[in-house]
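Biologist: Could you take me on a close look at a single part of this protein, residue by residue? I would like to follow it in the viewer as you talk.

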Amino acid sequence: MSKVMISEYWDHGKKKAIRRYSIHGGTIPPTIFDWNGEKYIMPGWYKLEKHEYNIKREDIAYYPFKANKPKLPNIDKNKVYKVLSSKGNKHYEVKMNNTGSMECTCPGYGFRRECRHIKEITSSL
Ligand SMILES: [Zn+2]
């Protein structure tokens, strides 16, 4: 679920408070949505008041939901890493799968779901 947060502060000498909007959570970047002649910040259905109608998309800070999974930040997920077999006569391919874990084409990975090639790649980056 995402939530629209409003914070207001008074700038020195200004008549009106300055509003800041931010969206926390969710995976959809904020937009301003016109509906039935009214304006809303989406997602979150925050209804804008008339005096807020001049806000722009850029006025809304966005803090997307982050999945809490183990990260391999240095792995290029579109890249296939080629490693030499221990006998040196063929290559295996190590790459990241859709769930974010590494897989390898060698027979050892086929049996154990882990192998030294993956360790080599992940520790060398
Ligand atoms: Zn392997």
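**The β7-β8-β9 sheet and its helix**

Modeller: Let's start with a pair you can click on: Met96 faces Met102, a residue of β9, across the sheet. Before we go on, please keep in mind that this is a predicted model, in which local features need pLDDT of at least 70 and side-chain atom pairs count only at pLDDT 80 or more, while totals for chains, interfaces and linings use all residues. Residue numbers start from 1 along each chain as its sequence is written.

The two methionines belong to β8 and β9, antiparallel strands joined by 3 bridges. Strands here are DSSP runs of E with at least two residues, helices are runs of H or I with at least four, and both are numbered from the N terminus. Two strands count as paired if DSSP finds at least two bridges between them. Between β8 and β9 the hairpin has 5 residues, and in it Gly100 adopts a positive phi near 90°.

Now step back to the whole sheet. It is open, with 3 strands in the order β7-β8-β9 and antiparallel pairing. At its edges are β7 (81–84) and β9 (102–104), each of which pairs on one side only. On average, neighbouring strands are turned by 25° against each other, direction ignored; the angles are taken between N-to-C directions, from 0 to 180 degrees, using axes fitted to C-alpha atoms, and for a helix over the stretch in contact.

On the other side of β8 (residues 91–96), 4 bridges tie this strand to β7, again in the antiparallel sense. Two of the facing pairs are worth finding: Leu84 is opposite His91 of β8, and Val83 has Tyr92 as its bridge partner. The hairpin of β7 and β8 has 6 residues between the strands, with Gly88 at a positive phi near 80°.

Next, bring in the helix. α2 (residues 116–124) lies across β7, β8 and β9 and runs at about 135° to β9. His117, Ile118 and Ile121 are its buried residues; buried means 20 or more other C-beta atoms within 10 Å of a residue's own, exposed means 12 or fewer, and partly exposed lies in between, with C-beta atoms placed from the backbone. Viewed down the axis of α2, the buried residues fall within an arc of 100°, so they line one face of the helix. That arc is taken from the directions between the helix axis and the C-beta atoms. As a rule, an α-helix has 3.6 residues a turn, so residues three or four places apart point the same way.

The buried residues of α2 pack against β7, β8 and β9, where contact means C-beta atoms, placed from the backbone, within 7 Å. On the face turned away from that buried side, α2 carries the exposed residues Ser123 and Ser124.

Sheet and helix come together in the largest nonpolar core, whose 8 residues are Tyr81, Val94, Met102, Cys104, Cys106, Cys115, Ile118 and Ile121. Such a core is a set of buried Ala, Val, Leu, Ile, Met, Phe, Trp, Tyr and Cys residues joined through C-beta atoms within 7 Å. At least two residues of this core come from β9, and at least two from α2. Tyr81 is a handy place to look: beyond its neighbours within four places in sequence, Tyr81 is in contact with Val94, Lys95 and Ile121. There is also a second, separate core of 5 residues, among them Tyr21, Ile23, Ile41 and Ile60.

To place this part in the whole protein, note the division into domain 1 (3–63) and domain 2 (80–124), with bounds from an automatic or database domain assignment. The C-alpha centres of the two domains are 47 Å apart.

For a last comparison, turn to another open sheet, with 3 strands in the order β3-β4-β5 and antiparallel pairing. β3 (31–35) and β5 (46–47) are at its edges with a single partner strand each, so one side of each has no neighbour in the sheet. β3 and β4 (residues 38–42) pair over 5 antiparallel bridges, and here Trp35 is opposite Glu38. In the loop between these two strands sits Asn36, which has a positive phi of about 55° although it is not a glycine. Asn36 is exposed, with 6 other C-beta atoms within 10 Å.

Notes:
Contact = placed C-beta atoms within 7 Å.
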